[in-house]
Amino acid sequence: MPVDQELFKKMLKEKGLKVTNQRLLVLQVLGENKDKHLTAEDIYELVKEDYPEIGLATIYRTVQLLYDMRLVDRINLDDGYVRYEMGDMDGENDKTHHHHHLICEKCGKVIPFKDDRLDSLEVYIEEATGFLVLDHELKLYGICKECREKKE
């Protein structure tokens with residue numbers, strides 16, 4: 001899925017940051033792989049196809065910048081790697097929740113799940129305790145449909 005590079009450029013400029021080819025390429029790679037959970041190394045391999053002189057340190061700095069701008073999410077799937085995925089680029093993502101993950105314990109497949117039924121729990125928590133939930137992450141572990149069908 002293509003990302004709105006003009007919106008991204010505007011957001012960078014508003015924060016006093018330079019618009020660079022490296023930043024645009026990292027954003028493009030994340031946008032094109034929206035359903036994948038990429039490590040910095042994965043992003044590096046994909047970006048260097050078009051920009052071979054880029055360094056891995058630049059990728060790390062860029063994904064950190066995108067994370068700080070709330071354009072990407074950092075996720076830990078308990079496999080020892082930090083992974084990144086594209087968030088919602090609407091420019092107003094102060095209170096948006098991103099999808100959750102279903103993780104198959106047999107094959108390791110990660111399935112995004114976008115239904116967010118925890119909103120009412122967040123409201124309850126705020127009313128009961130005064131604690132404002134800004135974000136949450138949900139990982140459900142089990143066995144995917146394909147692995148279950150193989151077993152039967």
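Two strands pair if DSSP finds at least two bridges between them. By that rule S3 and S4 pair, in the antiparallel sense, over four bridges. The model is a predicted one.

## The three-stranded sheet

S3 has a second partner. Strand S3 (residues 100-104) and S5 also pair over four bridges, here in the parallel sense. The result is an open sheet of three strands in the order S4-S3-S5, with mixed pairing. Strand S4 (110-113) and strand S5 (139-142) are the edge strands; each has a single partner strand, so one side of each lacks a neighbour in the sheet. On average, neighbouring strands of this sheet are turned by 25° against each other, direction ignored.

Individual positions fix the register. Leu-102 is opposite Ile-111 in S4. Ile-103 is opposite Tyr-141 in S5. His-101 has Lys-139 of S5 as its bridge partner.

How much of S3 is buried? Four of its five residues are, which leaves the strand mostly covered.

## The S1-S2 pair

Strand S1 (72-76) and strand S2 (82-86) belong to what covers the buried residues of H4. S1 and S2 pair in the antiparallel sense over five bridges. Ile-75 has Arg-83 of S2 as its bridge partner. S2 is mostly covered, with four of its five residues buried.

## Positive phi positions

Four residues with positive phi sit in hairpins or after helices.

| Residue | Place | Phi |
|---|---|---|
| Gly-16 | just after H1 | about 75° |
| Arg-70 | following H4 | near 65° |
| Asp-78 | hairpin of S1 and S2, five residues between the strands | near 60° |
| Gly-108 | hairpin of S3 and S4, five residues between the strands | near 85° |

## Helix H4

Helix H4 (residues 56-68) has 13 residues. From its first C-alpha to its last it reaches 18 Å, close to the 18 Å expected at 1.5 Å a residue. Thr-58, Ile-59, Thr-62, Val-63, Leu-65 and Leu-66 are buried in H4. Why do they share a side of the helix? They cover an arc of only 155° around the axis, and this puts them on the same side of H4. The face turned away from that buried side carries Arg-61 and Asp-68, both exposed.

Several elements cover the buried residues of H4. Among them are helix H1 (5-14), helix H2 (21-32) and helix H3 (40-50).

## Helix H1

H1 shows a buried face as well. Phe-8, Met-11 and Leu-12 are buried there. Seen down the axis of H1, its buried residues fall within an arc of 100°, so they line one face of the helix. Glu-6, Lys-13 and Glu-14 are exposed on the other side of H1. Which helices do the buried residues of H1 pack against? They pack against H2 and H4.

## The nonpolar core

The largest nonpolar core has 25 residues. Phe-8, Val-26, Leu-30, Ile-43, Val-47, Ile-59 and Leu-66 have the most contacts inside it. H1, H2, H3, H4 and S2 each supply at least two of its residues. Which element gives the most to this core? H2 does, with six residues.

Some of these core residues return from the helix descriptions. Phe-8 is among the buried residues of H1. Ile-59 and Leu-66 are among those of H4.

Leu-30 offers a close look at the packing. Its neighbours within four places in sequence are left aside here. Leu-30 is then in contact with Leu-38, Ile-43, Leu-66, Val-72, Tyr-84 and Met-86. Of these partners, Ile-43 and Leu-66 are also listed among the core residues with the most contacts.

## Gly-31

Gly-31 has its place in helix H2. Is this glycine buried or exposed? Gly-31 is buried, because its relative accessible area is 0% and the cut-off for buried is under 20%. Asp-50 lies 19 residues from Gly-31 along the chain. The C-alpha atoms of Gly-31 and Asp-50 are separated by 15 Å.

Definitions and conventions:
Residues numbered from 1 in each chain as written. Predicted model: local features only at pLDDT ≥ 70, side-chain atom pairs only at ≥ 80, totals over all residues. Heavy atoms only, no water. Expected span 1.5 Å × (residues − 1). Buried < 20%, exposed > 50% of the residue type's maximum accessible area, 1.4 Å probe, protein only. Arc of directions from axis to C-beta. Contact = heavy atoms within 4.5 Å. Core = buried A, V, L, I, M, F, W, Y, C linked by side-chain atoms within 4.5 Å. Axes fitted to C-alpha atoms, helices over the stretch in contact; angles between N-to-C directions.
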